[in-house]
Amino acid sequence: MSAGEERPVRVLRLPGAADLPLPERATARAAGFDLRARLDAPLVLAPGERALVPTGIAIALPEGFEAQIRPRSGLALREGLTLLNAPGTIDSDYRGEVSVIVVNLGGDRVTVRRGDRVAQMVVHALPSVRLEEADALPATARGGGGFGHTGSR
């Protein structure tokens, strides 16, 4: 697949979501498709509280693709609302409802309402790889250096 070539991803609007827009990009060059909350009543999250929010859609990704579910930066900055398990992964063989685990990391209560944009979905092609057991690995300059090994600046 070349850059710029579009691949179709089938989207099924689930019962109870007829009034919600399908996921869409906010701008022509946006990487993510905004996902909206399919809630029957407002959801109020106290600081530190988390909840599963359905989006009202299921998708059929082509084989060799995944969808990553990511937080929306504006919600994180303004409200402290972000996602647990971020980025979440939707595999190409999953056909259930796309739902997101939201968490309020802010200091005030946050209300999520029906139709609110709660996350974004970015679709990626996956390389075909296989894992092979090895007796040793090739050396690199980094070696086994882990978290913070290159310093703080």
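Here are some worked exercises on salt bridges, strand pairing and burial in this structure.

The model is predicted, so local features need pLDDT of at least 70 and side-chain atom pairs count only at pLDDT 80 or more, while totals for chains, interfaces and linings use all residues. Residues are numbered from 1 along each chain as its sequence is written, and side-chain values use heavy atoms, with hydrogens and water left out.

**Exercise 1. Find the salt bridge partner of Arg 38 and say which parts of the chain the pair links.**

Step 1. Start with the criterion: a salt bridge is a side-chain nitrogen of Lys or Arg within 4 Å of a carboxyl oxygen of Asp or Glu. The structure holds six of them.

Step 2. Look at the side chain of Arg 38: it meets that of Glu 97 in a salt bridge, at 3.0 Å from N to O.

Step 3. Place both ends. Arg 38 sits in the loop between β2 (33–36) and β3 (43–45), and Glu 97 in the loop between β8 (88–91) and β9 (99–104), so the pair links distant parts of the chain, 59 residues apart. The strands here are DSSP runs (E, at least two residues), as helices are (H or I, at least four), numbered from the N terminus.

Step 4. Check the burial, where buried means under 20% relative accessible area, exposed over 50% and partly exposed in between (1.4 Å probe, protein chains only). Arg 38 counts as buried at 18%, while Glu 97 is partly exposed at 22%.

Step 5. Now list what else Arg 38 touches, with contact meaning heavy atoms within 4.5 Å. Setting aside residues up to four places away in sequence, its contacts include Pro 15, Gly 16, Leu 20, Pro 54 and Arg 114.

**Exercise 2. Work out which residues share a salt bridge network with Asp 40.**

Step 1. Asp 40 and Arg 114 meet through their side chains in a salt bridge, 3.9 Å from N to O. This pair also links distant parts of the chain: Asp 40 is in the loop between β2 and β3, Arg 114 in the loop between β10 (110–112) and β11 (117–125), and they are 74 residues apart.

Step 2. Compare the two ends. Asp 40 is exposed, with a relative accessible area of 75%, and Arg 114 is partly exposed, with 30%.

Step 3. Follow the shared partners: Asp 19, Asp 40 and Arg 114 are joined into one network by their salt bridges.

Step 4. For another salt bridge, take Glu 132 and Arg 130, with their closest N and O atoms 2.6 Å apart. Both Glu 132 and Arg 130 are exposed.

**Exercise 3. Identify the strands that pair with β6, and the residues opposite Gln 68.**

Step 1. Two strands pair if DSSP finds at least two bridges between them. β6 and β11 run antiparallel and are joined by six bridges, and β6 also pairs with β8 in the antiparallel sense, over four bridges.

Step 2. Zoom in on Gln 68. Its bridge partner in β11 is Val 122, and in β8 Gln 68 stands opposite Thr 89.

Step 3. Ask how enclosed β6 is. Five of the six residues in this strand (residues 65–70) are buried, so the rest of the structure largely encloses it.

**Exercise 4. Trace how Arg 72 meets β11.**

Step 1. Arg 72 is in the loop between β6 and α1 (73–79), and it is buried, with a relative accessible area of 16%.

Step 2. Follow the side chain of Arg 72: it reaches the backbone oxygen of Arg 117 at 3.5 Å.

Step 3. Add the contacts. Not counting residues up to four places away in sequence, Arg 72 touches Asp 34, Arg 117, Val 118, Ala 119 and Gln 120.

Step 4. Pick out Val 118, which is found in strand β11 and counts as buried at 3% relative accessibility. Val 118 and Arg 72 are 46 residues apart in sequence, with their C-alpha atoms 6.8 Å apart in space.

Step 5. See what else surrounds this residue: beyond its neighbours within four places in sequence, Val 118 is in contact with several residues, among them Leu 35, Val 53, Leu 75, Leu 83, Val 100 and Val 112.

Conventions. Contact means heavy atoms within 4.5 Å. A polar contact is a pair of N or O atoms within 3.5 Å; within protein, one must be able to donate a hydrogen and the other to accept it, and residues adjacent in sequence count only if both atoms are side-chain atoms.
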